[in-house]
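User: Hi! I'm new to reading protein models, and I'd like to go through this one step by step with you. Could you show it to me?

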Amino acid sequence: MEILKIREHRELAERAAKWFHAKWSIPVEAYQESIAACLRGDKVIPQWYVALEQDEIIGGLGVIENDFHDRPDLTPNVCAVYVEKAWRSRGIAGALLRAVCEDMRQFEIKTLYLLTDHTDFYERYGWEFLCLVQGDGETKPSRMYMRSTNSI
């Protein structure tokens, strides 16, 4: 398995956008636009990453300014974390999370945030619960986690 930065593998951009869309049901155009902004490279954020096994996308995640919540001060956000069911429990999510922290540290981003409804999953990878935030269009609050990029 290898983890690739989309900005260094432009040929994966369209494939990655369609893969993320299939997992999260966010319009494919939203992923295409965000990945295109990543490829332009005029800003650090957004960034996108995929885990590949024999040229098959088996996992991925992104980093965006705000993952659709009411706390714009908690930025940037790791988003769209997903590992294919057949590949779960093999450390792929942890590897993706470590890779994104290491990459963001290179850009001098000291803290990352992550919005989720999961409990106990991200803690095993060094993420700490910060607070509850209100997600756009959600009826109940979600959990916001944080992670220092310097503590890898």
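User: Between which two strands does the loop with Pro 76 lie?

Analyst: Happy to start there, and please keep in mind that this is a predicted model. Pro 76 sits in a loop, and the peptide bond that leads to Pro 76 from Thr 75 is cis, with omega near 0 degrees. The strands on either side of this loop are E3 (56-64) and E4 (77-83).

User: Which residue is joined to Pro 46 by a cis peptide bond?

Analyst: Most peptide bonds are trans, so a cis bond is worth a look. Pro 46 is found in the loop between helix H2 (28-40) and E2. The bond has an omega of about 15 degrees, and the residue joined to Pro 46 is Ile 45.

User: Is Gln 47 buried or exposed?

Analyst: Gln 47 belongs to strand E2, which covers residues 47-53. Its relative accessible area is 2%. Buried means under 20%, so Gln 47 counts as buried.

User: Which backbone oxygen lies 2.7 Å from a polar atom of the Gln 47 side chain?

Analyst: Let's look at the surroundings of Gln 47. Leaving aside neighbours within four places in sequence, Gln 47 touches Arg 7, Cys 38, Gly 62, Val 63, Met 104 and Phe 107. The oxygen you ask about, 2.7 Å from a polar atom of the Gln 47 side chain, is the backbone oxygen of Val 44.

User: What is the phi of Ser 89, and where does this residue lie?

Analyst: Most residues other than glycine have a negative phi, so a positive value stands out. Ser 89 lies in the loop between E4 and helix H3 (92-106), and with 81% relative accessibility Ser 89 counts as exposed. Ser 89 is not a glycine, yet its phi is positive, at about 65 degrees.

User: Is Asp 120 buried or exposed?

Analyst: Asp 120 has a positive phi of about 75 degrees, although it is not a glycine. Its place is in the loop between strand E5 (111-116) and strand E6 (128-133). The cut-off for exposed is over 50%, and the relative accessibility of Asp 120 is 56%, so Asp 120 is exposed.

User: How far apart in space are Ala 16 and Ile 57?

Analyst: Ala 16 is part of helix H1, residues 13-24, and is buried, at 0% relative accessibility. Leaving aside neighbours within four places in sequence, Ala 16 is in contact with Ile 6, Ile 35, Val 50 and Ile 57. Ala 16 and Ile 57 are 41 residues apart in sequence, but from C-alpha to C-alpha the distance is 7.8 Å.

User: What share of the contacts with a separation of 6 or more comes from residues 24 or more positions apart?

Analyst: Let's step back to the whole protein. Three helices and seven strands make up its secondary structure, and their order along the sequence is β-α-α-β-β-β-α-β-β-β. Among the contacts with a separation of 6 or more, the share from residues 24 or more positions apart is 59%.

User: Why does the radius of gyration agree with a compact globule?

Analyst: The C-alpha atoms fill a box of roughly 40 × 30 × 30 Å along the principal axes, and 46% of the 152 residues count as buried. A compact globule with 152 residues would have a radius of gyration near 15 Å, so the value for this protein agrees: 14 Å.

User: How far apart are the mean positions of the positive and negative charges?

Analyst: The protein has 19 positive and 24 negative charges. Taking the mean position of each set, the two are apart by 3 Å.

How values were computed
Residues numbered from 1 in each chain as written. Predicted model: local features only at pLDDT ≥ 70, side-chain atom pairs only at ≥ 80, totals over all residues. Heavy atoms only, no water. Helix = DSSP H or I, 4+ residues; strand = E, 2+ residues; numbered from the N terminus. Rg over C-alpha atoms; globule rule 2.2 N^0.38 Å. Buried < 20%, exposed > 50% of the residue type's maximum accessible area, 1.4 Å probe, protein only. Contact = heavy atoms within 4.5 Å. Lys, Arg positive; Asp, Glu negative; His and termini not counted. Charge placed at Lys NZ, Arg CZ, Asp CG, Glu CD. Polar contact = N/O pair within 3.5 Å; in protein donor to acceptor, adjacent residues only side chain to side chain.
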